[in-house]
Amino acid sequence: MSEKILEAKNINKYFHDPVTVKVLTDINFSVNKGDFVAVTGKSGCGKSTLLYILSTMDTDYEGELLIDGETMRQKKEAQLARVRNEKIGFVFQFHYLLNEFNVLKNVMLPGLKLNKYPAKEVEHRAMEKLKMLGIEKLALKNAAQVSGGEKQRVAIARALINDPHIIMGDEPTGNLDKKNSEIVFDIFKQLAEEFQQTLLIVTHDQGFAEKTHRIIEMEDGRIIR
Amino acid sequence: MNLKLIISIAKSLLLARWKQTLVAAIGVTFSITMFITLLGFMTGLNDLLDGLILNRTPHIRLYNEIKPNKNQPVNLAAEYKNGYNFIQSVKSGNARQEIYNSESIMETLQKDSRIAGLSPKIISQIFFNNGTIDITGVVNGIDAVEESRLFHFNEYVTTGNAADISKVPNSIILGKGLAEKMLADIGDVVQLTTTKGERFPLKVVGYFQSGLQDFDKVQSFATIATVQKLMGKPASYITDIQVKLKDIQQAPAIAKEFAKIFETDAEDIQTANAQFETGSFIRTLISYAVGITLLVVAGFGIYNILNMMIYEKMDSIAILKATGFAGKDVKRIFLAIAISIGFFGGLAGLLFGFGLSAFIDQIPFNTAALPTIKTYPINYNPVFYLIGAVFSLITTYFAGWFPSRKASKADPVIIIRGK
């Protein structure tokens, strides 16, 4: 029996502006430790909306969300931020590095925020993550100077810095060419298989989804598979 | 909380936009510079103008006013005690201007720890005889040494030396205006007639210039002994005791106390020169108002720049929030930016303000009315610098507060999805 990292119970979500529309209906599923899950579906089916609820950034929903066995319902904004910091790593479609910092500092930031290790240790760990992803040479470059594919790898390194329970990706390959997409996918696969890293990736790229271990397919705000 | 991290992020954001930051900081610098300079200059000027009168004015003056006696005989009579007595045509009595028992009063005062010093004085009306014309004047019998120490008498003696009146027997220092009227040079002998009709020759040893022309046209100074001789009074005859206190603010209270103990009239400096206080107060108020307006304007500059910065950095805010920074942390980052603009801008402002004040302090400023002043007066009161520093931090804090709150409330989902 493997341990449940993330569990969604009866999640419903409405958009109220301009008119109330139900975008998610009765979402029930769970992600176990070590799972490599892809959430797919057509544009507008609610998969990104679901991801933001699961990520704790969106708190306007009905139902129950458990991360690591803890309910997220009653938590305050600062506590949720702490959960994101400690337990969740993010990879977005548009890299989202902070251009004011160099690559290494970008990776270090969530680690420094967590404040679990001293700065030296965080730096050492960040270098390790960069090495693991083969981009240690970029460490001292400014975030704005690295290429798109490299940025995404830096973002993955940043997602890994606090050894999160789960990495969430919102179309992480959506903005990359085929070659870079493959590199990113291989990294995810390696993380899942070698390091038993739990991954939950939202994608509309069927090819990408096929290669994961488990697919959750959505349509019109429901899980159909 | 991890303050170091927040400050390091704030620093990076600041340096990434150093031109904007510089403009904002220059705004603060400029306003603090002007604030310091304005207050320093204005207060310097205030002190100078006040000094014209206040430095020379005793904090408390003990004297006997010529006035009708409060205790008219009818009030003392037993049979009229219960009635309300109306008395008409009351005249001032044969009041003596002399302070009774002046020696023991002075002895008591010398022992009082609240007092910085005292100097006795005789004021007497006289006429200066200049050919056929008699010029009304006032002769002040003073203790030149004490008068100089306490009331800066020597600073206003422009020709000759204040101490000369005690060295040269039967000598006098004339007001500049008075001397000009009589064409009296140093070394000349002027004739005086007292109110009792006695004539007296005195030798001119110096000129006195206070900066107040009307004052200089009538006043003259001699030693106490000379004036006593002039008036035919004994050595204990004193009409005024001038007291300088350690704390000028206590003057009204102490004046009341002395009036009671010594049974004389006692006038405190605040009552005697209320109009100067008012003038200084209003000038200071205006300087503060202008200085604070400058700071508030600089505050709006910071507000604008931070607002712009926050719009520019929305993506960064979203990513910080997504990776675990709470709204509170984001708010602190932007507040740190605002306050560091205030801190460094303010610090530079204090330095420039000091520099500009020092520069103005060197500009020559000569006026006949103010013989002791050679350059523009500046006051370097550290309180202004403290107020400047505190205000620069407070204004920038508030200027940063609203943009920071907006940043802290930014919803990362909306920003990330909006791409």
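This tour moves through a predicted model, from two sheet regions of chain A to the contact between the chains and then to selected sites in chain B.

**Strand 8 of chain A**

Begin by selecting residues 198-202 of chain A, which form strand 8. Five of the five residues are buried, so the strand is largely enclosed by the rest of the structure. Display the side chains next. In a regular strand the side chains alternate between the two faces of the sheet. Here Thr198(A), Leu200(A) and Val202(A) point one way, while Leu199(A) and Ile201(A) point the other way; all are buried.

**The partners of strand 8**

Add residues 36-41 of chain A, which make up strand 3. Strand 3 runs parallel to strand 8 of chain A, and four bridges join them. To locate the pairing, select Phe36(A), whose bridge partner in strand 8 is Leu199(A).

Now add strand 7 of chain A, residues 166-170. Strand 7 also pairs with strand 8 of chain A in the parallel sense, over five bridges. Ile166(A) is the residue to select here, as Thr198(A) of strand 8 stands opposite. Which helix completes a β-α-β unit with strand 7 and strand 8 of chain A? Select residues 178-195 of chain A: this is helix 6, and the unit formed with the two strands is right-handed.

**The antiparallel sheet of chain A**

Move next to an open sheet of four strands in chain A, ordered 2-1-4-5 and paired in the antiparallel sense. The edges are strand 2 (21-32) and strand 5 (70-71) of chain A, each of which pairs on one side only. Select residues 4-15 and residues 62-67 of chain A to show strand 1 and strand 4, which are joined in antiparallel fashion by five bridges. Within this pairing, Leu6(A) has Ile67(A) of strand 4 as its bridge partner.

Residues 47-54 of chain A form helix 1, which packs on this sheet and touches strand 1, strand 2 and strand 4 of chain A. The direction of helix 1 makes about 125° with that of strand 1 of chain A.

**Where the chains meet**

Display both chains. The contact involves 24 residues from chain A and 21 residues from chain B. On the chain B side, the elements that give two or more residues are helix 1 (3-16), helix 13 (314-322), helix 14 (327-362) and helix 16 (412-417). Helix 13 of chain B contributes the largest share, five residues. By class, this side of chain B has 10 nonpolar, six polar and five charged residues.

**Sites within chain B**

Select the whole of chain B: its secondary structure comprises 16 helices and 10 strands, and 40% of its 419 residues are buried.

Within helix 10 of chain B (residues 251-262), select Ala259(B). Is this residue buried or partly exposed? Ala259(B) is partly exposed, with 16 other C-beta atoms within 10 Å. Its C-alpha atom is separated by 7.6 Å from that of Leu62(B), although the two residues are 197 residues apart along the chain. Beyond its neighbours within four places in sequence, Ala259(B) contacts Thr264(B), Asp265(B) and Ala266(B).

Finish with two loop residues. Ser89(B) lies between helix 3 (73-76) and helix 4 (102-111) of chain B, and its phi is near 55°, a positive value in a residue other than glycine. Ser89(B) counts as exposed because it has 4 C-beta neighbours inside 10 Å. Leu183(B), in the loop between helix 7 (176-182) and strand 6 (189-194) of chain B, has a positive phi of about 55° although it is not a glycine. Leu183(B) counts as exposed, with 9 C-beta neighbours inside 10 Å.

Key:
Residues numbered from 1 in each chain as written. Chains lettered and ligands numbered in written order. Predicted model: local features only at pLDDT ≥ 70, side-chain atom pairs only at ≥ 80, totals over all residues. Buried ≥ 20, exposed ≤ 12 C-beta atoms within 10 Å, placed from the backbone. Pairing = 2+ DSSP bridges. Right-handed = clockwise from strand over helix to strand, strands pointing away. Contact = placed C-beta atoms within 7 Å. Axes fitted to C-alpha atoms, helices over the stretch in contact; angles between N-to-C directions. Nonpolar A, V, L, I, M, F, W, Y, C, P; charged D, E, K, R; others polar.
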